[in-house]
Amino acid sequence: MTALPRLLAITPPTGPMGLGCIEAAVDTGAPLGVLLREPGASPAAQLDPDGRLGALRLAAHAAGIPMWLSCDAAAVTEGAQRARDAGLRGLQLRGDPAPTDIAAARAHWPQGVFGRSVHGRPRAGGPWDYSVFAPVFSPRTVSSHPKAAAGTRALQAWCDVEPRVFALGGV
């Protein structure tokens with residue numbers, strides 16, 4: 001499996017996209033990865049060079065920063081193909097995906113690195129390479145589906161059973 005970064009910058013769900021995290025990673029050598037995420041958008045729309053995430057994706061690519069694409073399980077075939085063709089490292093499936101959803105993604109892209117967005121109680125042992133647990137603290141971005149902050153004890157429970165967990169939400 002491709003090594004995962006120690007820091008994962010996740011694009012906010014809406015609004016303008018700054019390049020500060022890319023510039024900081026280049027300047028400091030920080031072990032950064034980027035998750036391209038635009039809720040409700042198709043994989044094609046998220047990877048459109050003229051779209052909201054386009055400048056960030058191109059800057060990260062030019063800097064050699066690894067990227068993943070967030071997508072729904074229903075779009076896993078398109079997501080895997082488009083992310084692979086765009087030079088990304090893998091996919092992150094939204095919304096607490098089932099192990100079979102990750103297995104389907106891996107069938108379309110055996111070399112990809114696959115993650116999942118998770119909430120609530122830990123569910124360990126599956127075909128994923130990492131988990132993004134959220135929200136640890138109250139998110140600072142506006143969301144159409146606000147979730148209550150889970151806190152650091154819930155994050156610790158995930159870290160006790162999963163080898164690779166990224167924390168998201170107000171961090």
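A salt bridge, as the term is used here, is a side-chain nitrogen of Lys or Arg within 4 Å of a carboxyl oxygen of Asp or Glu. By that criterion R106 and D129 form a salt bridge in this predicted model, because their closest N and O atoms are 3.2 Å apart. The contact joins distant parts of the chain, since R106 belongs to helix α5, whereas D129 sits in the loop between β5 (113–118) and β6, with 23 residues separating the two in sequence. The two partners can also be described by their accessibility: R106 is partly exposed, at 24% relative accessibility, while D129 is buried, with a relative accessible area of 10%.

The structure holds five salt bridges, and two others besides the one just described deserve a closer look. As general background, side chains of opposite charge can pair when their charged atoms come close. R94 pairs with D72, and here the closest N and O atoms are 3.4 Å apart. This bridge, too, links distant parts of the chain, for R94 is found in the loop between β4 (90–93) and α5 (99–108), and D72 in the loop between β3 (67–71) and α4 (76–85), 22 residues apart. R94 has a relative accessibility of 15% and therefore counts as buried, whereas D72, with a relative accessible area of 37%, is partly exposed.

The side chains of R52 and E38 meet in another salt bridge, with an N to O distance of 3.4 Å. Both residues lie in loops: R52 in the one between α2 (43–46) and α3 (54–63), and E38 in the one between β2 (32–36) and α2, so that 14 residues separate them and the pair links distant parts of the chain. At 22% relative accessibility, R52 counts as partly exposed.

From charged pairs the description turns to the aromatic side chains, of which the structure holds four pairs. Y130 and F166 form an edge-to-face pair, their ring centres lying 5.7 Å apart and their planes meeting at 85°. The two residues come from distant parts of the chain, with Y130 in strand β6 (residues 130–133) and F166 in strand β7 (residues 165–167), 36 residues apart. Y130 and F166 are both buried. A further aromatic pair, which is tilted, is formed by F133 and W158, with 5.8 Å from centre to centre and 35° between the planes. Because F133 lies in strand β6 and W158 in helix α6 (residues 152–161), this pair ties together parts that are 25 residues apart in sequence. F133 is buried, with a relative accessible area of 1%, and W158 is likewise buried, at 0%.

The ring contacts also extend beyond single pairs, as W68, Y130 and F166 are linked by ring pairs into a cluster. Another kind of contact involves a charge and a ring: R116 lies over the face of W128, at 3.6 Å from the ring centre.

Finally, the cysteines can be considered. A search of the whole structure finds zero disulfides. Among the cysteines, C21 is partly exposed, with a relative accessible area of 31%, whereas C71 has a relative accessibility of 1% and so counts as buried.

Conventions: Residues numbered from 1 in each chain as written. Predicted model: local features only at pLDDT ≥ 70, side-chain atom pairs only at ≥ 80, totals over all residues. Heavy atoms only, no water. Phe/Tyr/Trp six-rings, centres within 6.5 Å; stacked < 30°, edge-to-face > 60°. Helix = DSSP H or I, 4+ residues; strand = E, 2+ residues; numbered from the N terminus. Buried < 20%, exposed > 50% of the residue type's maximum accessible area, 1.4 Å probe, protein only. Lys NZ or Arg CZ within 6 Å of the ring centre and 35° of its normal. Disulfide = S-S within 2.5 Å.
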